[in-house]
Amino acid sequence: PDAQGGARVWSAIQIPTVSFSREESNTTALAELGEYIHKVFPTVFNTSFIKHEVVEKYSHLFTVQGSDPSLQPYMLMAHLDVVPAPEEGWEVPPFSGLEQDGFIHGRGTLDNKNSVMAILQALDLLLTRNYQPRRSFFIALGHDEEVYGTKGAQKISALLQARGVQLAFLVDEGSFIMDGLIPSLSKPFAMISVSEKGALDLMLQVNMTPGHSSAPPKETSIGILSAAVSRLEQTPMPNMFGSGTLKKTLEQLANEFPFPGNILLNNLWLFRPLVSRLMERNYITNALVRTTTALTMFHAGIKVNVIPPLARAIINFRIHPAQTVHEVLELVKNIVADDRVQFHVLRAFDPLPISPSDDQALGYQLLRQTIQSVFPEVNIVTPGICIGNTDSRHYANLTTGIYLFNPIYLQPQGFSSIHGINEKISVQAYQTQVKFIFELIQNADADRKHVPHLHEL
Ligand SMILES: CCCCCCCC/C=C\CCCCCCCC(=O)N[C@@H](CCSC)C(=O)O
Ligand SMILES: [Zn+2]
Ligand SMILES: [Zn+2]
């Protein structure tokens with residue numbers, strides 16, 4: 001990649017495209033970022049076989065027309081918005097985009113302006129080498145992924161559906177080259193997520209008669225609600241480990257674990273109950289084996305000497321692929337078991353279906369091939385499940401091949417920086433991401449029967 005690559009990312013990080021809520025986002029910054037990509041990637045915008053459209057004011061859809069209309073198109077995705085970043089705890093201000101010690105710092109460097117910039121830069125590099133793709137593809141840049149994607153991705157998806165588009169596959173954020181995230185597994189491995197968990201945002205509400213705090217009733221709305229949410233926190237959803245993608249992932253990783261992990265994972269028919277308990281011990285692996293319960297918001301009380309009429313809490317569940325929204329809701333009601341607690345579903349969707357990862361799965365195989373070429377040191381490429389949610393679910397009507405993969409090494413510190421503090425990406429990692437997309441686009445054009453000849457960076 002050219003020397004300007006890093007500088008372009010720093011500037012994009014300086015534009016605070018924050019999504020605060022579904023109702024509130026920094027639209028000035030979103031517009032500015034739109035103008036910025038136009039300015040720094042003029043070739044992408046001025047090429048005759050690329051159509052650019054703005055959707056719902058701030059999202060962007062690029063249609064790159066390939067020379068061979070018989071090939072089914074695919075889609076590369078990223079999002080322009082970021083979560084808020086209060087300055088406390090950051091080594092450098094989160095919207096400074098500073099480069100220090102080979103790292104670009106700031107909100108969005110991993111989630112997900114890296115992908116926005118890397119996709120456009122890779123395409124820009126191909127265009128400057130007079131490359132016209134054979135296979136058409138779309139680039140969809142949503143502007144509200146962090147607040148459900150209903151204005152961006154959902155609208156782009158509807159637009160494409162109305163045009164009769166069906167995609168061979170799509171690639172979005174959501175998974176990485178996992179490096180030290182699993183206890184006792186020191187070797188990095190690439191995980192391509194082939195599904196993502198579902199979600200349920202549930203509001204619990206208790207209404208009681210208000211009154212004077214000098215003569216309190218035996219139970220208040222706050223006490224009743226606290227007991228209910230505490231029961232939910234103390235009663236985890238059932239451990240669903242046993243089949244499906246996770247079992248496949250672990251079997252593929254088995255020989256990478258030192259003794260006794262290798263023995264346990266190679267003999268899951270015998271050690272399944274033990275492995276399933278061990279998975280619960282770590283908060284990341286725990287999220288892989290069950291629907292998680294996170295108490296994220298709590299509101300009650302209006303004055304120190306008033307018994308509050310109303311108490312509300314919001315709980316964010318991430319639903320395991322073996323369960324549905326309906327099943328989780330039933331479990332929750334049984335755990336709370338208190339008629340005074342009312343339930344309001346704010347938002348809910350089931351887990352995504354599992355995308356194919358067999359030898360015939362074009363998207364999966366192209367990613368695998370490109371990983372092996374760009375990261376020859378990575379021995380294992382495995383399908384997995386994404387524990388977070390992405391814009392990709394809005395495109396499930398257009399393709400059965402949804403693949404989540406960021407070609408970046410993710411260490412525990414990087415994992416906690418996503419939506420946390422000190423998010424950063426090394427300049428080298430960003431350049432490798434550009435190289436990965438540069439090769440992926442060319443691999444998608446190659447005759448699948450022959451070894452491709454690639455333009456090299
Ligand atoms: C044996 C297998 C090991 C696998 C380890 C998995 C470790 C998980 C690593 C990374 C997951 C990061 C998830 C990033 C994608 C999240 C995107 C996101 O933030 N989405 C938002 C969407 C908001 S919609 C209200 C979210 O909250 O999920
Ligand atoms: Zn993201
Ligand atoms: Zn995010």
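Okay, this is a quick walk through a predicted model of one chain with a bound ligand.

Let me start with how far the predictor trusts it. The mean pLDDT of the chain is 95, and 97% of the residues reach 70 or more. As for the overall scores, ipTM comes out at 0.96 and pTM at 0.94.

Now the layout. The chain is divided into two domains. Domain 1 takes residues 4-193 plus 353-445, so to speak in two pieces, and domain 2 takes 197-349. If you take the centres over C-alpha atoms, domain 1 and domain 2 sit 30 Å apart.

How do they touch? On one side, 18 residues of domain 1 make contact, and on the other, 21 residues of domain 2. If you want one element to look at on the domain 1 side, pick β16, which gives the most to that surface, with five residues. By class, that side of domain 1 has 12 nonpolar, four polar and two charged residues.

There's also a database note here. UniProt, in an unreviewed entry, lists residues 195-338 as "domain: Peptidase M20 dimerisation". In this model, that stretch is 42% helix and 24% strand, and the C-alpha atoms at its ends are 35 Å apart.

Right, on to the ligand, and here's something to ask while you rotate the view: which domains give residues to the shell around ligand 1? Both domain 1 and domain 2 do, with at least three residues from each. The shell has 22 residues in total, and the closest are Y148, G174, I284, G388 and N389. Two elements give two or more residues to it, namely α10 (283-289) and β16 (381-386). You'll remember β16 from a minute ago, as the top contributor on the domain 1 side that touches domain 2. As for the chemistry of the shell around ligand 1, count 13 nonpolar, six polar and three charged residues.

Next, some strands. Find β1, residues 50-55, and β2, residues 59-64: six bridges join them, and they run antiparallel. They form a hairpin with three residues between the strands. V55 has S59 in β2 as its bridge partner. In the turn itself, E56 has a positive phi of about 50°.

Then there's an open sheet of three strands, in the order β4-β5-β19, with antiparallel pairing. The edge strands are β4 (99-100) and β19 (424-426), each pairing on one side only. Between β5, residues 103-105, and β19 there are three bridges, and within that pair I104 stands opposite I425.

Last part: backbone oddities. As a reminder, most residues other than glycine have a negative phi, and most peptide bonds are trans. So where are the cis bonds I'd like you to look at? One joins D111 and N112, with omega at about 10°. N112 is in the loop between β5 and α4 (113-128), and β5 is a member of that three-stranded sheet. Another cis bond joins F259 and P260, with omega at about 5°. P260 is in the loop between α7 (244-253) and α8 (261-266).

And on the phi side, besides E56 in the hairpin turn, have a look at H419. Its phi is near 70°, positive in a residue other than glycine. H419 lies in the loop between α13 (412-417) and β19, and β19 is one of the edge strands of that open sheet.

So if you're opening the model this afternoon, here are two places to click on: β16, which gives residues to the shell around ligand 1, and the cis bond between D111 and N112. That's me done, thanks.

Definitions and conventions: Residues numbered from 1 in each chain as written. Chains lettered and ligands numbered in written order. Predicted model: local features only at pLDDT ≥ 70, side-chain atom pairs only at ≥ 80, totals over all residues. Near = placed C-beta within 6 Å. Helix = DSSP H or I, 4+ residues; strand = E, 2+ residues; numbered from the N terminus. Nonpolar A, V, L, I, M, F, W, Y, C, P; charged D, E, K, R; others polar. Domains from an automatic or database assignment. UniProt positions renumbered as here; feature names shortened; annotations may be inferred. pLDDT = per-residue confidence, 0-100. Contact = placed C-beta atoms within 7 Å. Pairing = 2+ DSSP bridges.
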